[in-house]
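Please open the structure in your viewer and keep the selection tool at hand. This tour goes from one selection to the next, and at each stop it says what can be found there.

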Amino acid sequence: MVEPSVVTKNGHYASEMLSQFRLLERLGNIYMEKIIVNGGNPLCGRVEISGSKNAALPIIYASVLVRGKCILENIPAISDIADSFEILRGIGAKIRLLDRTTYEVDCTNVGPGKSNYDLVRKIRGSYYLLGAEFGRFGRAKVGLPGGCNFGVRPIDQHIKGFEALGGKVNTEGGYVEIESQRGAEGNNIFFDVESVGATINVMIAAATAEGTTILDNAAKEPHVVDCANFLNTCGAKISGAGSDVIKIRGVKELHGCTYAIIPDMIEAGSFMVAAAATGGSVRIDNIIPKHLESITAKLEETGAEIEEFDDAVHVTANGKPRRTSVKTLPYPGFPTDMHPQMSALLCMADGVSYINESIFENRFRYVEELRRMGARIKVDGRIVVIEGGNPLTPAPVIATDLRGGMAVMIAALATEGKTEISDIHLIERGYDEVCAKFRALGADIEKITCPDPVEIKKAN
Ligand code: EPU
């Protein structure tokens, strides 16, 4: 087998350099990061919420439609965003970090069909590149997306929308490819399911399509509205975002703008639940309280006291939480992205609580991890049954996915003793500076790097 070579600056092939690189790569692999939580302290103080992951992602990809510079503010420092910028750089975008949360994104010279397959498959939000490439170039080719594993996560509604806009869509060899003779053309689309991803993706493609598009049975989440607001700031003509009918009058082209992403309602909700679970008192700043109404209402049912301000909420736990039942629903219902964290809280409540997961068929992998900590929790069909009230005990656990990872972190913060959480890269996909933020609230929590026994065994 011929070894691939590396070309050095002065043109020499350096196979030693390559083997050194491989050695470093192997060494990198045999280390893993963990979070160690020495729990039991009530969280107290103030925490500042970062920009919304699920709004920032579509807005970053939507900037592909723009010939010119967009200044995007309040971008969270999380790995899904770093990967997305890497994907855009790979297709020709110029991206500059202006300060910790502000980026200048210039997609003037991007081209379609060039995105890195391996990066695209790491995250879910990369599917927005399909709508953006189709809208700008009339064709697109992007690998199938990845993201958290909740069972089957189809993209048939995205495809239905692109086809309605005149695209011929092919999914073969791990790619989604869209072609069209005349570019995207407006049409009326009735979505069969309320899908955040499909609504935003088709809205992005339709923003610069010829003619008018009406999206019916559209998702109403705040991030749908935020993406529409961003596109409108760039010159798009979108109305109705936030209701179930969105009207998009296609415009010829979009111009650059400065836009600040909304705060992350799920990060905020996670800190609210953590405050309640640890018996703490936390003010959560830089939020939009309206986005948190369903979470606030449920936490009040469990006995927490919640004071609302213009851009903050203060959560004070009132003794042991009370049991309750939750059903996840599209916005403004209780978000599926808060289900695992709520389960962790209800493990502390006396009596039996139920969580009915109506959005994703299999968002339950975290349950096994809470059981390792002694929780009496099981899954019955799509319902999580929690017999709460017995104290949890620390155990080595893993982050099964982003929100499942936050659930075990909340359980660990509320449990006396040392809990060790592995696979924390899944938590870092969506929580900005999570350890530092909890530490500032008085938690004893640290991130450590240690050898990975499985990889060391393999290397030997
Ligand atoms: N669905 C279809 N066909 C489609 C698209 C969706 O049947 O073409 C179904 C899904 O299987 C699911 C339901 O519709 O049963 C809703 O899925 P949706 O499309 O709304 O979810 P998504 O776009 O895949 C986004 C967020 C998720 C969040 C959901 C629901 C991003 C990148 N992801 O996913 O965020 O849970 O909406 O609000 O925005 C997270 O942040 O932890 C996360 C998983």
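Two strands are said to pair if DSSP finds at least two bridges between them. Keep in mind throughout that this is a predicted model.

**First stop: a sheet of four strands**

With that definition in hand, select strand β14 (residues 281-285) and strand β16 (residues 312-316), which run antiparallel and are joined by five bridges. Within this pairing, look for Arg283, which stands opposite His314 in β16. Now widen the selection to the whole open sheet, in which four strands follow the order β2-β14-β16-β15 and the pairing is mixed. At the edges are β2 (44-48) and β15 (305-308), each of which pairs on one side only. If you look along the sheet, the twist from one strand to the next averages 15°. In general, the strands of a sheet pair through backbone hydrogen bonds, and they may do so in a parallel or an antiparallel way.

**Second stop: helix α10**

Next, select helix α10 (residues 293-301), and colour Ser294, Ile295, Thr296, Lys298 and Leu299, which are buried in this helix. What covers these buried residues of α10? Among the elements that cover them are α9 (265-277), β15, β17 (325-327) and α11 (339-346), and β15 is the edge strand that you met in the sheet of the previous stop. Just after α10, select Gly303, which takes a positive phi of about 105°.

**Third stop: a sheet of three strands**

Move now to another open sheet, where three strands lie in the order β6-β8-β7 and the pairing is antiparallel. The strands β6 (140-143) and β7 (168-172) stand at the edges with a single partner strand each, so one side of each has no neighbour in the sheet. Neighbouring strands here are turned against each other by 15° on average, if direction is ignored. Helix α5 (residues 128-137) packs on this sheet, where it touches β6 and β8, and its direction makes about 165° with that of β6.

Stay with the strand in the middle of that order, and follow its partners one by one. Strand β8 (residues 175-179) pairs with β7 in the antiparallel sense over five bridges, while four bridges join β6 to β8, again in an antiparallel run. Which residues are bridge partners of Ile178 in β8? One is Ala140, and another is Val169. For a further bridge, select Thr171, whose partner in β8 is Val176. Then turn β8 so that you can compare its two faces: Val176 and Ile178 form the covered face, whereas Tyr175, Glu177 and Glu179 form the uncovered one. The hairpin of β7 and β8 has two residues between the strands, and in this hairpin Gly173 takes a positive phi near 60°.

**Fourth stop: pairs of aromatic rings**

A search of the whole structure finds six aromatic pairs, and two of them are worth selecting here. Begin with Phe134 and Phe162, whose ring centres are 6.0 Å apart and whose planes meet at 80°, so the pair counts as edge-to-face. Because Phe134 lies in helix α5 and Phe162 in helix α6 (residues 156-164), the pair ties together parts that are 28 residues apart in sequence. Are these rings buried or exposed? Phe134 is buried, with a relative accessible area of 0%, and Phe162 is buried as well, with a relative accessible area of 1%.

The other pair to select is Phe230 and Tyr259, where the ring centres are 5.8 Å apart and the planes stand at 75°, so this pair is also edge-to-face. Phe230 is in helix α8 (residues 222-233) and Tyr259 is in strand β13 (residues 258-260), so that the pair links distant parts of the chain, 29 residues apart. Both Phe230 and Tyr259 are buried.

**Last stop: the whole chain**

Finally, clear the selection and show the whole protein chain, whose secondary structure comes to 16 helices and 23 strands. The radius of gyration is 23 Å, close to the 23 Å that the globule rule gives for 460 residues, so the chain is as compact as a globular protein of that length. Its C-alpha atoms fill a box of roughly 65 × 60 × 40 Å along the principal axes. Of the 460 residues, 55% count as buried. The accessible surface comes to about 19500 Å², and 49% of it belongs to carbon and sulfur atoms.

How values were computed. Residues numbered from 1 in each chain as written. Predicted model: local features only at pLDDT ≥ 70, side-chain atom pairs only at ≥ 80, totals over all residues. Heavy atoms only, no water. Axes fitted to C-alpha atoms, helices over the stretch in contact; angles between N-to-C directions. Contact = heavy atoms within 4.5 Å. Rg over C-alpha atoms; globule rule 2.2 N^0.38 Å. Buried < 20%, exposed > 50% of the residue type's maximum accessible area, 1.4 Å probe, protein only. Areas by Shrake-Rupley, 256 points an atom, 1.4 Å probe, with all protein chains shown as cover. Phe/Tyr/Trp six-rings, centres within 6.5 Å; stacked < 30°, edge-to-face > 60°.
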